[in-house]
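This report describes selected features of one protein model. Please keep the sequence and the structure in view while reading.

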Amino acid sequence: MSSNKKIADMFNTYVMPTYAPGIALVKGNGAKVWDADGKEYLDFLAGISVLNVGHSHPRVVAAIQKQVQSLTHVSNLYFTENEAILAQKLSAISMGGKCFFANSGAEANEGLIKLARLWGHDEGRYEIICMKNSFHGRTLATAAATGQTKIQKGFEPMPAGFCHAEYNNLDSVKSLINEKTVAVLLEAVQGEGGIIPAEKSFMIGIRKLCDEKNLLMLCDEVQCGMARTGKWFGYQNYDIEPDAFSLAKALGSGYPIGAVVGNKRLANVFQPGKHATTFGGTPLACAAAIATIEVIEEENLLENAKTKGAMFRTGLEEIAKRQDDIQGVRGIGLMLGLVMKGPAKDAVGRIIEAGLLCIATAENVIRFLPPLNITQNDVEHALEIIGKSLKS
Ligand SMILES: *Cc1c(COP(=O)(O)O)cnc(C)c1O
């Protein structure tokens, strides 16, 4: 019996089937991973944009090892230097405000939602306009914010206070504003929705609308943040600033950590006793995140996401041109989707079989989220695998 099969059998006996994995991975290094049978893969999924600096980056490994030996956790009843340093760094690369630390994307978005509600509370405003086709997480409130009924089905009644506008349609957002509206929440590039970037006029229009109507503009940067698009945060591709945004996925390079970053006017809305979490911003989690930010800076990964993204995109476009069953390519930086005319599932299966990890999303999109430090060689190798696997 193969090792993959052994692990799969035990897993399927004891782990609730919320996912349906096919391969057991046992080792990762840079942009490569290995399964339990020893097969090597080029990882163009990177844990769904978690390993933006690659698997087991030595700087991140060293930072975690060093921290785990001195202080892992103390409770937020105490100051810790790492939390302050990380907040300072995030503030410096974004909007100059303050941070709240959580443990996951859903929890960061819950924080964002609670922050907006608390801010609007005295005026009786709580409703958040979200986008159709969006994804914000699997807790009840973030599932309610998510604009996909399949995420909500079976869990009704959903928490109140969320409505959904058409993405990239400003009139649709306008038509949902009422006296209860407190914020607009959106992804600069919809990830689970199929790698759909916001149009520039839409992002700028939302910012203006929020200013006019005294609403908060909230961005979910969980997937498109942390240099994925060639900017620190997806919204920075649009020359606007939201009032607050959420982070998670790549922030800790695989060590769980989420964050809410708010601008100056939201900096002191949360007061002691209003919001909390035991594990938020531990010295260990923050050490992983600080190292991640330093690697992105020192290895110039914003630039690499742009140049390798452009290179990969050109290659995907060439493949798309040759193939009748491909509609085109979408995305920004190294957040790219190959849009098929039909379901993408079988094609993804063939690509993985040929040694490249990626994922189908929104039925007909093949989503690629490689580590941001991939080399030209990795890109060429990936394109070769994709080209061969898709040949009809
Ligand atoms: C993954 C994701 C989330 C949820 O993050 P979890 O850590 O899985 O809770 C929220 N928003 C976006 C845009 C995501 O991609």
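Is histidine 55 buried or exposed? In this predicted model, histidine 55 has a relative accessibility of 15% and therefore counts as buried, the cut-off for that class being under 20%. Histidine 55 lies in a loop that runs between helix H2 (46-49) and helix H3 (58-68). Leaving aside residues up to four places away in sequence, histidine 55 touches Gly28, Asn29, Gly30, Lys32, Val33 and Asp43.

A second topic is the sheet. Seven strands make up an open sheet with mixed pairing, and their order is S4-S12-S11-S10-S7-S5-S6. Strand S4 (98-102) and strand S6 (162-165) are the edge strands, each pairing on one side only. On average, neighbouring strands of this sheet are turned by 20 degrees against each other, direction ignored. Within the sheet, strand S10 (residues 216-220) pairs with strand S11 (residues 244-247) in the parallel sense, over three bridges. Cysteine 219 has phenylalanine 245, in S11, as its bridge partner.

Helix H4 and helix H5 each pack on the sheet, as set out below.

| Helix | Strands touched | Angle between directions |
|---|---|---|
| H4 (residues 81-93) | S4, S11 and strand S12 (258-262) | about 125 degrees with S4 |
| H5 (residues 105-120) | S4, strand S5 (127-131), S6, strand S7 (181-186), S10, S11 and S12 | about 160 degrees with S11 |

Edge strand S4 is thus touched by helix H4 and by helix H5. Strand S10, the parallel partner of S11, is among the strands that helix H5 touches.

Conventions
Residues numbered from 1 in each chain as written. Predicted model: local features only at pLDDT ≥ 70, side-chain atom pairs only at ≥ 80, totals over all residues. Heavy atoms only, no water. Helix = DSSP H or I, 4+ residues; strand = E, 2+ residues; numbered from the N terminus. Buried < 20%, exposed > 50% of the residue type's maximum accessible area, 1.4 Å probe, protein only. Contact = heavy atoms within 4.5 Å. Pairing = 2+ DSSP bridges. Axes fitted to C-alpha atoms, helices over the stretch in contact; angles between N-to-C directions.
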